[in-house]
Amino acid sequence: MGATPSTYVKRLIVWSIIGTGITSVTTQLLTLREFLSQFQGNEITISLVLFCWLLLGGLGSLLEKGAKRPTLTGYTLLLLVISVWPLVQLLLIRWARDQFFTHGASPGFYGIFFTILCTTAPYCLMIGFILPHAQKVIQRSGYAFSSGDLYLTDGIGDVAGGAIFSFVLVYWLKPFAIIALTSAFLILLALVLIFHKKLYVLLGAALALAALFFRVASNGDLELKSLSDQYGHAVQYEESPYGRVVVSKEADQYTVWESGIPVYSGGDLIESEEKIHFPLSQLDRVERVLLVSGGLGEPL
């Protein structure tokens, strides 16, 4: 026998909880990597991101207590917003750094803390809110779904998200593509729930939002351009499991950056001449020169 409509909806909500876990963990890891690059960070930056994430997530769950009449439509809309917001958050983080702080200067502990707090607040509050809200929506449909069931289901998504990101996604895809891939499942579930409710006008708007989301997420030029505030004219951009590698160009000089830190600049003739001319001036005549291990950024 097929599932009844209410059973069908419950299954969709349970799958959405798993999808939320996958998306939230990958977004958290991308956010950590982004702030490490923006602030040339260390374990203090990591701890601030995790602190804000847990604090705001808990506050979101606390705010959910005020939701007295949970509805499937409201839950579906929130699910749709949560699925597309990670892309907005990533762009906001890249934009905010040089809008509020002097380019090249360290913002300091409190500057970094408040930047992390403000840019991650919308997503973390929604993530904290939606999990207990999903439980209420299921229970309102007449099904037993305990807090243990909720966090076990969410835990499955969290573990899956961490494994997929750490062993697959970080090796092959850039942040925009990772967000698009991990959010696709949530977007699909939201569209199915809207269709199930026969809200066709809302379905049209949701499809338009989804199309815009995937259009932006698949735009490699936009992703590269979003780094211009930090790096200037970026000509090459790659993500590795160990950090972000960017090659920027200014006039004839190329600079290689690793996680926001410049590690090599080419075309520095003055420095190269100083290192070459002084030792060679000690010789009466120079015919052939052997340079052994100039090192990264050294005269070649």
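A salt bridge is taken here as a side-chain nitrogen of Lys or Arg within 4 Å of a carboxyl oxygen of Asp or Glu. In the structure, which is a predicted model, the side chains of Glu64 and Lys136 satisfy this criterion, with an N to O distance of 3.3 Å. Glu64 is located in the loop between α2 (43-63) and α3 (72-100), whereas Lys136 belongs to helix α4 (residues 108-140), so the salt bridge ties together parts of the chain that are 72 residues apart in sequence. The two partners can also be described by their accessibility: Glu64 is buried, its relative accessible area being 2%, while Lys136, at 27%, counts as partly exposed.

The search of the whole structure returned seven salt bridges. Another of these joins the side chains of Arg244 and Glu34, with 2.7 Å from N to O. Here, too, distant parts of the chain are linked, since Arg244 lies in strand β2 (residues 243-250) and Glu34 in helix α1 (residues 5-38), 210 residues apart. Arg244 is buried because its relative accessibility is 2%, which falls under the 20% limit, and Glu34, at 0% relative accessibility, likewise counts as buried. The side chain of Arg244 also meets that of Glu239 in a salt bridge, again at 2.7 Å from N to O, and Glu239 is buried with a relative accessible area of 14%. Through salt bridges that share partners, Arg33, Glu34, Arg94, Glu239 and Arg244 are joined into one network.

With regard to the nonpolar interior, in soluble globular proteins nonpolar side chains tend to be buried together. In the present model, the largest nonpolar core contains 57 residues, and those with the most contacts inside this core are Ile13, Ile17, Tyr75, Leu79 and Ile82. At least two residues of the core are supplied by each of α1, α2, α3, α4, α5 (147-172), α6 (175-196) and α7 (200-217), and the greatest contribution, 13 residues, is that of α4. The surroundings of Leu79 may be given in detail: when neighbours within four places in sequence are left aside, this residue is in contact with Ser16, Thr20, Ile130, Leu186, Leu189, Ala190 and Leu193. A second core, separate from the largest one, consists of six residues, among them Leu227, Ala234, Tyr237 and Trp257.

Trp257, a member of this second core, is found in strand β3 and is buried, with a relative accessible area of 17%. Apart from neighbours within four places in sequence, Trp257 is in contact with Tyr231, Arg244, Val245, Val246, Ser248 and Pro262; this list includes Arg244, the residue that forms salt bridges with Glu34 and with Glu239. Between the side chains of Trp257 and Ser248 there is, in addition, a polar contact of 2.8 Å. By way of a longer-range reference, the C-alpha atoms of Trp257 and Tyr110, which are 147 residues apart along the chain, are separated by 25 Å.

The strand that carries Trp257, β3 (residues 253-258), pairs with strand β4 (residues 261-265) in the antiparallel sense over four bridges. Within this pairing, Pro262 in β4 is the bridge partner of Trp257, and Pro262 also appears among the contacts of Trp257. The hairpin formed by β3 and β4 has two residues between the strands, and Ser259 in this hairpin takes a positive phi near 50°.

Aromatic contacts were examined in the same way, and ten aromatic pairs were found in the whole structure. The rings of Phe51 and Phe113 have centres 6.2 Å apart and planes at 40°, so this pair is classed as tilted. The pair links helix α2, in which Phe51 lies, with helix α4, in which Phe113 lies, the two residues being 62 residues apart. Phe51 is partly exposed, at a relative accessible area of 43%, whereas Phe113, at 15% relative accessibility, counts as buried. Together with Phe114, Phe51 and Phe113 form one aromatic cluster. A further pair is that of Phe195 and Tyr200, whose ring centres are 6.2 Å apart and whose planes stand at 65°, so that the arrangement is edge-to-face. Tyr200, with a relative accessible area of 49%, is partly exposed.

Key
Residues are numbered from 1 along each chain as its sequence is written. This is a predicted model: local features need pLDDT of at least 70, side-chain atom pairs count only at pLDDT 80 or more; totals for chains, interfaces and linings use all residues. Side-chain values use heavy atoms; hydrogens and water are left out. Buried means under 20% relative accessible area, exposed over 50%, partly exposed in between (1.4 Å probe, protein chains only). Two strands pair if DSSP finds at least two bridges between them. A nonpolar core is a set of buried Ala, Val, Leu, Ile, Met, Phe, Trp, Tyr and Cys residues joined through side-chain atoms within 4.5 Å. Contact means heavy atoms within 4.5 Å. Rings of Phe, Tyr and Trp (its six-membered ring) pair if their centres lie within 6.5 Å; planes under 30 degrees apart count as stacked, over 60 as edge-to-face and the rest as tilted. A polar contact is a pair of N or O atoms within 3.5 Å; within protein, one must be able to donate a hydrogen and the other to accept it, and residues adjacent in sequence count only if both atoms are side-chain atoms.
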